[in-house]
Amino acid sequence: MSGFASLRLTLSAAFLGALLYPPLAAAQSAAAPAQSVVTLGPSGLPLPRFVSLKSGRVNSRVGPGANYSVDWMYMKAGLPMEIIQEFDTWRRVRDADGSEGWINQSLLSGRRTAIVAPWQRGKGAQVNLLNSPEKDARVVAMVEPGVMGTIKSCDGQWCEMTFDGHTGWLAQSVVWGAYPGERVKN
């Protein structure tokens with residue numbers, strides 16, 4: 001049976017179960033404590049998740065395989081990517097600009113990097129890199145939106161990052177490469 005047919009069968013069974021047993025589903029959800037649901041991909045790793053590019057030349061393809069045409073070539077090693085889907089050894093990724101494509105897993109790394117406020121690029125804004133994770137801390141450097149750095153750690157509210165030899169803290173809400181509330185230890 002193809003993957004699509006088995007997915008269709010699974011979804012049909014789930015829909016039928018919800019129609020036939022709605023009181024059971026409601027009772028189970030009411031009894032379950034509030035917690036975030038983590039979706040695992042076929043690799044056993046969470047989806048979505050952030051990774052980075054291993055190489056300075058990585059092809060992004062229109063489909064999950066070498067026989068699909070190249071849609072885009074990334075030229076920056078370490079660029080953060082968000083994995084949103086998995087198929088065999090291929091990962092569907094999204095970049096900070098929202099472009100999506102398929103990249104072979106061998107070209108991706110678990111090393112965490114991030115881009116500072118890519119949504120503010122070209123608007124003349126700057127972000128303060130602080131010496132400690134407090135909004136009133138001393139400014140270590142000014143960072144322009146769109147600059148890429150390496151994540152050392154994130155505690156859910158603040159990320160310690162390194163940019164060209166300067167290390168400091170940024171509010172986690174201004175980085176694209178760590179989810180809100182996510183804890184990261186690189």
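Let me start with the largest pocket, which in this predicted model has a volume of about 180 Å³. Which residues line the largest pocket? Going along the sequence, they are Trp72, Tyr74, Leu79, Pro80, Asp95, Ala96, Asp97, Ser99, Ile115, Arg121, Gly146 and Met148. If we sort the residues of that lining by character, they divide into seven nonpolar, two polar and three charged. Rolling a probe the size of a water molecule over the atoms shows where empty space is left.

Please keep two of those lining residues in mind, Ile115 and Met148, since they lead us into the strands. Ile115 belongs to strand β10, where Thr113 and Ile115 on one side and Ala114 and Val116 on the other are all buried, so that both faces of the strand are covered. In a regular strand the side chains alternate between the two faces of the sheet. The bridge partner of Ile115 in β13 is Met148, and the partner of Ala114 in that strand is Gly149. Altogether, three bridges join β10, residues 113-116, to β13, residues 148-155, and the two strands run antiparallel. On β16, Ile115 stands opposite Trp176, and here β10 and β16 pair in the antiparallel sense over two bridges.

Now let us follow β13, which has further pairings to show us. With strand β14, residues 158-163, β13 pairs in the antiparallel sense over four bridges, and the two form a hairpin with two residues between them. In the turn of that hairpin sits Gly156, which has a positive phi of about 105°. With strand β17, residues 183-185, β13 again pairs in the antiparallel sense, this time over three bridges, and there the bridge partner of Ser153 is Lys185.

What is the bridge partner of Cys154 in β14? The partner is Cys159, and these two residues are also joined through their side chains, for they form a disulfide with their sulfur atoms 2.0 Å apart. The structure holds one disulfide, so what I have just described is that one; the torsion about its S-S bond is about 105°, and therefore the disulfide is right-handed. Both cysteines are out of the way of solvent in the sense used here, Cys154 being buried and Cys159 being buried as well.Let me turn next to the charged side chains, where a search of the whole structure finds seven salt bridges. One of them is between Arg49 and Glu86, whose side chains meet at 2.9 Å, N to O. Arg49 lies in strand β3, residues 49-53, and Glu86 in strand β6, residues 80-87, so the pair ties together parts that are 37 residues apart in sequence. Are these two residues buried or exposed? Arg49 has a relative accessible area of 12% and Glu86 has one of 9%; because buried means under 20%, Arg49 counts as buried, and Glu86 does too.

Glu86 also meets Arg91 in a salt bridge, at 3.7 Å, N to O, and both Glu86 and Arg91 are buried. Another salt bridge is formed by Glu182 with Arg112, where the closest N and O atoms are 3.0 Å apart. Glu182 lies in the loop between β16 and β17, and Arg112 in the loop between β9 and β10, so this pair ties together parts that are 70 residues apart in sequence. Glu182 is buried, and so is Arg112. In addition, salt bridges that share partners join Glu82, Arg92, Arg94 and Glu100 into one network.

I would like to finish with some details of the backbone, which you can look for in the loops. A cis peptide bond joins Leu47 and Pro48, with omega at about -10°, and Pro48 lies in the loop between β2 and β3. Ala117, which is not a glycine, nevertheless has a positive phi of about 30°, and this residue is found in the loop between β10 and β11. Asp164, in the loop between β14 and β15, is another residue other than glycine with a positive phi, in this case near 45°.

Which of the two words, buried or exposed, fits Ala117, and which fits Asp164? Ala117 is buried, with a relative accessible area of 3%, whereas Asp164, at 81% relative accessibility, counts as exposed.

Note on methods: Residues numbered from 1 in each chain as written. Predicted model: local features only at pLDDT ≥ 70, side-chain atom pairs only at ≥ 80, totals over all residues. Heavy atoms only, no water. Pairing = 2+ DSSP bridges. Salt bridge = Lys/Arg side-chain N within 4 Å of Asp/Glu carboxyl O. Buried < 20%, exposed > 50% of the residue type's maximum accessible area, 1.4 Å probe, protein only. Disulfide = S-S within 2.5 Å. 1 Å grid on protein atoms, 1.4 Å probe; cavity = no way out; pocket = protein on both sides within 12 Å on 5 of 7 lines; lining within 4 Å. Points joined across faces, edges and corners; volume = space filled by probe spheres on them. Nonpolar A, V, L, I, M, F, W, Y, C, P; charged D, E, K, R; others polar.
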